[in-house]
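This report looks at the surroundings of a ligand and then at the nonpolar interior of a protein. The sequence and structure come first.

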Amino acid sequence: MADTLEDKVARRRTFAIISHPDAGKTTLTEKLLLFGGAIQLAGEVKAKKNRQSSRSDWMKIEKERGISVVTSVMTFEYEDHVFNLLDTPGHEDFADDTYRTLTAVDSAIMVIDAAKGIEPRTLKLFEVCRLRDIPIITFVNKMDREARDNFEILDEIEEKLALDTAPITWPIGQGKSFCGTYHLAESAVRHGDDETERTKVNGPQADAAAGMLPDNEQEGFVEGVELAAEACRPFDMQAFREGHLTPVFFGSALKNYGVRDLIHALMDYAPAPRAQEAENRHVEATEKGMSAFVFKIQANMDPNHRDRIAFVRVCSGTLARGMKAKLVRTGKAMPLSAPQFFFASQRHLAEEAYAGDVVGIPNHGTLRIGDTLTDGEDIVFRGVPNFAPEILRRVSLKDAMKAKKLKEALAQMAEEGVVQLFTPEDGSPAIVGVVGALQIDVLAERLNQEYSLPVGFEQARFAVARWISAPSPQELRDFMEAHRGEMTRDLDGDPVYMAPNAFSLNYEAERWPKIEFATVKDYQIGAKKAA
Ligand code: G4P
């Protein structure tokens, strides 16, 4: 059957999972992949073995790549839908990476530990989603353990996240007695994820489902269901799509409950690839012209090939293997000879990709984060931001002869987004900036391992960095000349002012009211300005 571009786009879901460490993100990811057949399921033993190997593969990569293992993407299919799951880095230090990943998804699953509720990292990630109005589906995990009261969990989501909740399923029991999920609107039961269909239950309210529980828990269950039907909000598609309401599902990723409900929620509720905001216009996902943006660069993914992969999200049209794309930043043509899809821990050539798909494009430094690729039009996508670093360090080399090599390596790390690199105007050594302290360790480790450059770090005399701009070039020049010793350029050549502390920054800001000191920079817009 010939599939139109519209059909292909409509079948796609590109999402991320956000959670606090230990809530069950890895377990849930494995189960989703298992459903998608990405990990072949042939009998319990083999499934177990495969599950383990998928897990240990990741752990191996994680170990090899240090904690810097980042935004991997996993593509799988289920019931005619194509799912692109973008993994957000687990460590809170990787704010930059996480933000960038979330610019490339259309929806997110928020996993909550049923005993712990909303934890700090969940809250932070949720706030990022809210900035972009990303619709969120909630999965309350670990219902097979002692959990908090269901209503208490819903209340906490509403209060802490200021997000309306609409429970779609209700857990049948909890802890030892947990034995399935009950669909509130359909009055139907799914005992576990092995069941493809829900079974309709008859009788007033949920009596038949309650029969699955021990005698002393039945009444409480029926009351809970009645109260949920009366007191909770019904699901409202528009409120969900606008990011004001979250449908809630209960389950246990480990024990195979509720994951099938969740995958159906992705199909039924989560949006297909959305229109993307470019600098001069909306780009609809179903437009014929190809457009895509780079949200992540990862080097040396495969230790056997010292390659560098740019992860691009396709926004419209068809990205076909062999096509010549235009890199809008430089205006140059770039042949896409080996775009790749990622499938669990394997990758294979992508012949064609459509809006919502994420493909890896091997390159040798041509592509940067925030770059737009098209089949001709000068589109520039917004929204892959760069954040002012909170930690600034000078890199000191143990072997001074390797200064040039260090410069190249730092530039590569900066293009990859591992660190930001600032070159002082007065010719003094480069300064690296990071948002979280751990990134400094990752940088040192990678410089040593991948470039054989043992380095140390020294306190820079600055602690604050801001991108600066002014209404006129002359005003900007005046400021820069008056602050030559504090001026640096970022990777794109954009001017960055550095101050020893927040106090001096505020002082300068008061003295120079026309100068704007920015904490966030959009990669492309900055790059264009510098050009
Ligand atoms: P994360 O990626 O969010 O950090 O969480 P992960 O899936 O690694 O899960 C953290 C721990 O919670 C793991 O146990 C995992 O088995 C367990 N877990 C995940 N989902 C459920 C669930 O639905 N029910 C129960 N009871 N446990 C769950 P661990 O002992 O730390 O690791 P492992 O040795 O079991 O792999």
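This is a predicted model. The ligand has 16 residues around it, and those that come nearest are Asp-22, Lys-25, Thr-26, Thr-27 and Asp-144. Sorted by class, this shell holds 4 nonpolar, 6 polar and 6 charged residues. Helix α2, which covers residues 25–35, gives the most to the shell, with 3 residues.

Oxygen atoms of the ligand take part in polar contacts with the protein, including those in the table.

| Residue | Protein atom | Distance to a ligand oxygen atom |
|---|---|---|
| Lys-25 | polar backbone atom | 2.7 Å |
| Ser-252 | polar side-chain atom | 2.9 Å |
| Leu-254 | backbone N or O atom | 3.2 Å |

How much of the ligand does the protein bury? Taken alone, the ligand exposes 710 Å², and the protein buries 69% of that.

The nonpolar interior is the next topic. The largest nonpolar core has 79 residues. Trp-170, Tyr-182, Phe-221, Leu-319, Leu-367 and Leu-373 are the residues with the most contacts inside this core. Strand β15, made of residues 308–316, gives the most to the core, with 6 residues. Where does this core lie with respect to domain 1 and domain 2? Domain 1 (5–70 + 88–268) and domain 2 (276–374) both give residues to the core, so it lies between them.

There is also a second, separate core, which has 30 residues. Among them are Phe-15, Ala-23, Tyr-78 and Leu-262.

How values were computed
Residues are numbered from 1 along each chain as its sequence is written. This is a predicted model: local features need pLDDT of at least 70, side-chain atom pairs count only at pLDDT 80 or more; totals for chains, interfaces and linings use all residues. Side-chain values use heavy atoms; hydrogens and water are left out. A nonpolar core is a set of buried Ala, Val, Leu, Ile, Met, Phe, Trp, Tyr and Cys residues joined through side-chain atoms within 4.5 Å. Buried means under 20% relative accessible area, exposed over 50%, partly exposed in between (1.4 Å probe, protein chains only). Helices (H or I, at least four residues) and strands (E, at least two) are DSSP runs, numbered from the N terminus. Domain bounds come from an automatic or database domain assignment. A residue is near a molecule or strand if one of its heavy atoms lies within 4 Å of it. A polar contact is a pair of N or O atoms within 3.5 Å; within protein, one must be able to donate a hydrogen and the other to accept it, and residues adjacent in sequence count only if both atoms are side-chain atoms. Accessible areas come from the Shrake-Rupley method with a 1.4 Å probe; for residues, only the protein chains shown count as cover. Ala, Val, Leu, Ile, Met, Phe, Trp, Tyr, Cys and Pro count as nonpolar, Asp, Glu, Lys and Arg as charged, and the others, Gly among them, as polar.
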